[in-house]
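Here are some friendly notes to read alongside the structure. Keep the 3D view open and find each residue as you go.

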Amino acid sequence: MIVTVAAILLALLLAHPAFAAAAPGTGAVTPPGAVQSSALNKALGQVSGDGKPLSLSLQILVLMSLLTVLPSLLLMMTSFTRIIIVLSILRQALGLQQTPPNQVLVGLSLFLTLFIMRPVIDQINAAAVTPYGAGQIPLEEGIKRSGDALHVFMVRQVRKTDVQLFSDIAHAPKFASAADIPFTILLPAYVTSELKTAFQIGFLIFLPFLVIDLVVATTLMSLGMMMLSPTIISMPFKLLLFVLVDGWALTMGSLAQSFG
């Protein structure tokens, strides 16, 4: 099921009507249906220029090429960015360089992302993947429904100021509603908003550990231990504080709740 959802999401940016909207300032405007159909054929590699199916080797080549874009596409449109940045800042605040290792942090971020995105994945599965698999809807409609589910999730998390920023850069007209925001503007605004939120959470996490570093450094200086590194003394206290307050549960729970 996840593989099928991923394949639908892969063609989302090229086939969704919001993404296929003509850029402002261009001369001729291509009909949305034609743009969507052409982009969909290119994305999926199913139909050649003369309407004949592509050979198996070309289909595999196109599929492998699209798979290189899939990880970045999925990670940038989900909660993964905020989670991995916060966990990396937490590791730095504890004074640990390689503990937990990067593989563990990425694994935690992926599983927490699946947990947070579970309602969206279920919605895509129920509204798009299952009906398409049963032959009830065409592929274009399935992609549109998948895009709508992701669009709603991203709109809930993005800041209005970031959307306005990229709208002004693109000279886009004022949108009547959040549903009218195209992915060309929503995606960079969403990533920027996630970076801001991640650094805000990281700042709050850093504060208590910074206080411990200051207290330890001041104490060592008052005792005349100039040559002793404060990091060596403060690290056990920071680890003790983190364990006593059940830091991992608080961090993971707060990250999950931050998405509402």
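1. Start with aspartate 162 and lysine 196, whose side chains meet in a salt bridge, with N and O 2.7 Å apart. Aspartate 162 belongs to helix α9 (residues 160-170) and lysine 196 to helix α10, so this pair ties together parts that are 34 residues apart in sequence. Is each partner buried or exposed? Aspartate 162 is buried, at a relative accessible area of 1%, whereas lysine 196 is partly exposed, at 37%. Please keep in mind that this is a predicted model.

2. That salt bridge has company: a search of the whole structure finds six salt bridges. One of them joins glutamate 194 to arginine 82, with the closest N and O atoms 2.6 Å apart. Because glutamate 194 lies in helix α10 and arginine 82 in helix α5, the pair connects parts that are 112 residues apart in sequence. Glutamate 194 has a relative accessible area of 0%, so it is buried. Arginine 82 is buried too, with a value of 2%.

3. Now turn to aspartate 213 and lysine 238, which form a salt bridge with their closest N and O atoms 3.4 Å apart. Here helix α10 provides aspartate 213 and helix α11 provides lysine 238, so the pair ties together parts 25 residues apart in sequence. Aspartate 213 is partly exposed at 24% relative accessible area, while lysine 238 is buried at 3%.

4. Next come the rings. How many aromatic pairs are there? The count comes to four. In one of them, phenylalanine 209 and phenylalanine 242 have ring centres 6.3 Å apart and planes at 50°, so the pair is tilted. Phenylalanine 209 sits in helix α10 (residues 183-222) and phenylalanine 242 in helix α11 (residues 230-244), so far along the chain that 33 residues separate them. Both of these phenylalanines, 209 and 242, are buried.

5. Phenylalanine 242 also pairs with tryptophan 248: their ring centres are 5.4 Å apart and their planes are at 85°, so this pair is edge-to-face. Phenylalanine 242 counts as buried at 8% relative accessibility, but tryptophan 248 is partly exposed, with a relative accessible area of 33%.

6. Elsewhere, ring pairs link Phe153, Tyr190 and Phe259 into a cluster. You have already met a neighbour of this group: arginine 82 lies over the face of phenylalanine 259, at 3.8 Å from the ring centre.

7. What about the nonpolar core? The largest one has 43 residues, and those with the most contacts inside it include Phe153 and Phe209, along with Met77, Val120, Ile124 and Met154. Helices α5 (80-93), α6 (102-116), α7 (118-133), α8 (139-157), α10 and α12 (247-257) each supply at least two of its residues. Helix α10 gives the most, with ten residues.

8. Finally, look along two of these helices. Helix α7 bends by about 45° at asparagine 125. Its buried residues include Val120, Ile121 and Ile124. After α7 comes glycine 135, whose phi is positive, near 75°. Helix α8 has 19 residues and spans 28 Å from its first C-alpha to its last, close to the 27 Å expected. Among the buried residues of α8 are Ile143, Leu150, Phe153 and Met154.

Note on methods. Residues numbered from 1 in each chain as written. Predicted model: local features only at pLDDT ≥ 70, side-chain atom pairs only at ≥ 80, totals over all residues. Heavy atoms only, no water. Phe/Tyr/Trp six-rings, centres within 6.5 Å; stacked < 30°, edge-to-face > 60°. Helix = DSSP H or I, 4+ residues; strand = E, 2+ residues; numbered from the N terminus. Buried < 20%, exposed > 50% of the residue type's maximum accessible area, 1.4 Å probe, protein only. Lys NZ or Arg CZ within 6 Å of the ring centre and 35° of its normal. Core = buried A, V, L, I, M, F, W, Y, C linked by side-chain atoms within 4.5 Å. Bend = angle between axes of the 7 residues up to and from the residue. Expected span 1.5 Å × (residues − 1). Salt bridge = Lys/Arg side-chain N within 4 Å of Asp/Glu carboxyl O.
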